[in-house]
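Thanks for passing this one along. Here are my notes on the strands and the packing around them, in the order I'd go through them with the model open.

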Amino acid sequence: GLQSSVLRGLAAAEFTKPSDIQSLLIPRALTGVDILGQARTGTGKTAAYGLPILQKAQDGVEFQAIILVPTRELAVQVDSEINRLGKFTDIHSTPIYGGQRISEQMHELRHGPEILVGTPGRVMDLLERRLIHFRNIRFVVLDEVDRMLDIGFRDDIRRILSQVSSSQGQGAARAQTIFCSATISEEIERLARSYMHE
């Protein structure tokens, strides 16, 4: 069900056969439903949620997707993978994370990337400084939710998810929400039920 520009990116990356999480998650994500996916690290989760976003995002509309990750290393890795898979599309991703000067990130944000990949603390910081907004958000991904909760991003995650909900204009379509985690605890299920539909 993926379009030719996305398939060209897959071919260039030498992907031939989807992993289990990819074959389960991609078709469902393309339908627009919310998803709670469980898979170990290294099973191709980034492509599983990234490919549907690359296909469904609209060229030239800034900040349509926010992908939250626990660490700067993962932000850089996920951003790199999405740009690699999307190199034949007009969709661009930018990483935002602590430890890098905000002025550098502001320069990247001025180009209006369609996808933001960031750590919860830096996303909240940029949101409070009005350097990013959630008005155009159509996709919200929480990758490695279990690690984010372990690190202590609980409050930031709830604030971000609440802000996304309240930023959706009257009559606007609700953002699609995808959680990926190696383990699914009761807390993660509660969080998913609070912010997910369908």
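1. One cut-off before we start, as I lean on it below: "buried" means under 20% relative accessible area. Also keep in mind that this is a predicted model.

2. Let's begin with strand 5, residues 139–143. Which way do its side chains point? Phe139, Val141 and Asp143 go one way, Val140 and Leu142 go the other, and all are buried. With 5 of its 5 residues buried, strand 5 is therefore largely enclosed by the rest of the structure.

3. What does strand 5 pair with? Strand 6 (residues 176–181) is one partner, parallel to strand 5 over 5 bridges. To find your place there, look for Phe139, which sits opposite Gln176 of strand 6. Strand 2 (residues 65–68) is another partner, again in the parallel sense, over 4 bridges. In that pairing, Ile66 has Val140 as its bridge partner, and Ile67 has Val141.

4. Strand 2 deserves a look of its own. Ala65 and Ile67 point one way, Ile66 and Leu68 point the other way, and all are buried. Strand 2 also pairs with strand 4, parallel over 4 bridges, and there Leu68 stands opposite Gly118.

5. Now for the packing. As a rule, nonpolar side chains in soluble globular proteins tend to be buried together. Here the largest nonpolar core has 33 residues, and those with the most contacts inside it are Leu25, Tyr49, Leu51, Ile67 and Ile115. Among the elements giving two or more residues to this core are strands 2, 4, 5 and 6, along with helices 1 and 2. Helix 3 gives the most, at 6 residues.

6. What does Ile67 touch, leaving aside its neighbours within four places in sequence? Its contacts include Tyr49, Ile53, Val78 and Ile82. Ile115, Leu116, Val117 and Gly118 are in contact with Ile67 too, as is Val141. Val141 is thus worth clicking on twice, because strand pairing makes this residue the bridge partner of Ile67 under the DSSP bridge criterion.

7. Don't stop at that core, though. Another one, of 31 residues, lies apart from it. Leu109, Val164, Ala192 and Tyr195 are among its members, if you want somewhere to start.

Terms used:
Residues numbered from 1 in each chain as written. Predicted model: local features only at pLDDT ≥ 70, side-chain atom pairs only at ≥ 80, totals over all residues. Heavy atoms only, no water. Buried < 20%, exposed > 50% of the residue type's maximum accessible area, 1.4 Å probe, protein only. Pairing = 2+ DSSP bridges. Core = buried A, V, L, I, M, F, W, Y, C linked by side-chain atoms within 4.5 Å. Contact = heavy atoms within 4.5 Å.
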